Amino acid sequence: AAARREVRRRMDPRSAADFEVLYNELERWRAAEAKRVRAAGLGPADRQRAHQALLHKETRLLQTIDRLKAAAAKEGRAERVQRMLDLLAMPKKWELSDGEVTEVHTPFTTRAAELRELYRGLTAPLLGVDERLDVLLHVKWTVKEFDCPLTRDIVELVDREADLLNRGRGEKALEGLRRRVANLFLRFVETPEFNPEAARFLKIPPPPNQQPELEYDGSSAGPALMSKTMPPQFPENNNQRHLSEEVVEGMAGDYNPSLTH
């Protein structure tokens, strides 16, 4: 098991320690190769060519490690985001009078779960055109409940992608646009004004008088977040409160919500 783990660390590095192992092994290999060149008794010209070849190999290996590191960072960030979304949508635990514990979804956790599914839809690969258009439509009407620079940007990008899809543009041509839509919608999800559960993970919680209220609009099975209870506008500099990358990275451990009586 230990041997397989060591092989995996080299073939599929993920942590900083894994990459440290690769860098150390590369340095040992470089030192051994340099020693071999010096001991070969080559002439000045041949020795210079040998050192140049060694430098070229080392550079290519460093580039490979850097590519692996970039891929691991991207995958790690995606995992942290999904973990954050799951935590936001996690039901509350209540202890009943008989001592049993039950899980209860509140309007806020239900809202968080709906936003999580929309984000997953935005980032899901290999969707058909009709499925993608359906996701975009749901995202558009979700953010249009609120009027601020962030939501207007999302609506504009969603409309642009829908137009390009209807024109028959391919997946490759839409990659950058889809990445922008997903990133902006993630900011929307991380903003407590739009997703109240996100306030639990802010370093500085919003003032109580800025907490959104719940109001039943009569059109759904339960209470719903109403846009009129939110601040009507944000400053044009688009400085909404949202979860920082540092906060997301700090959520590596399992979250165990305390029991509420």
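The exercises below work through a pocket, the nonpolar cores and one loop residue of a predicted model.

**Exercise 1. Determine where the largest pocket lies with respect to the two domains, and describe its lining.**

Begin with the space itself: the largest pocket holds about 730 Å³. Its lining is made up of 19 residues, and those closest to the pocket centre are Lys 74, Leu 122, Thr 123, Arg 179 and Ala 182.

Next, assign the lining to secondary structure. At least two lining residues come from each of helix 3 (44-88), helix 4 (107-123) and helix 7 (171-190), and helix 7 is the element that gives the most, contributing six residues.

Then sort the lining by class, which yields nine nonpolar, three polar and seven charged residues.

Finally, turn to the domains: because domain 1 (1-89) and domain 2 (105-201) both give residues to the lining, the largest pocket lies between them.

**Exercise 2. Identify which helices and domains build the largest nonpolar core, and follow the contacts of Leu 122.**

As background, nonpolar side chains in soluble globular proteins tend to be buried together.

The largest nonpolar core of this model has 37 residues, of which Tyr 119, Leu 122, Val 139, Leu 150, Ile 154, Phe 185 and Phe 188 touch the most other members. Helix 3, helix 4, helix 5 (129-143), helix 6 (149-166) and helix 7 each supply at least two residues of this core, while helix 7 gives the most, with nine. Considered by domain, the core takes at least three residues from domain 1 (1-89) and at least three from domain 2 (105-201).

For Leu 122, set aside the neighbours within four places in sequence; the contacts that remain are with Arg 132, Val 135, Leu 136, Val 139, Val 181, Ala 182 and Phe 185. A second core, separate and of five residues, includes Phe 19, Leu 26, Ile 65 and Ala 72.

**Exercise 3. Locate Arg 14, decide whether this residue is buried, partly exposed or exposed, and list its contacts beyond its sequence neighbours.**

First, the position: Arg 14 belongs to the loop that runs between helix 1 (2-11) and helix 2 (16-39).

Second, the accessibility: a residue is buried under 20% relative accessible area and exposed over 50%, so Arg 14, at 36%, counts as partly exposed.

Third, the surroundings: leaving aside neighbours within four places in sequence, Arg 14 is in contact with Arg 8, Phe 19, Ala 72 and Glu 75. For the pair Arg 14 and Ala 72, a separation of 58 residues in sequence goes with a C-alpha to C-alpha distance of 5.5 Å. Two of these partners, Phe 19 and Ala 72, are also listed in the second core.

Technical notes:
Residues are numbered from 1 along each chain as its sequence is written. This is a predicted model: local features need pLDDT of at least 70, side-chain atom pairs count only at pLDDT 80 or more; totals for chains, interfaces and linings use all residues. Side-chain values use heavy atoms; hydrogens and water are left out. On a 1 Å grid over the protein atoms alone, a cavity is a set of points where a 1.4 Å probe fits but cannot get out, and a pocket is an open set with protein on both sides within 12 Å along at least five of seven lines; lining residues have an atom within 4 Å of a point. Grid points are joined across faces, edges and corners, and a volume is the space filled by probe spheres set on the points. Helices (H or I, at least four residues) and strands (E, at least two) are DSSP runs, numbered from the N terminus. Ala, Val, Leu, Ile, Met, Phe, Trp, Tyr, Cys and Pro count as nonpolar, Asp, Glu, Lys and Arg as charged, and the others, Gly among them, as polar. Domain bounds come from an automatic or database domain assignment. A nonpolar core is a set of buried Ala, Val, Leu, Ile, Met, Phe, Trp, Tyr and Cys residues joined through side-chain atoms within 4.5 Å. Buried means under 20% relative accessible area, exposed over 50%, partly exposed in between (1.4 Å probe, protein chains only). Contact means heavy atoms within 4.5 Å.
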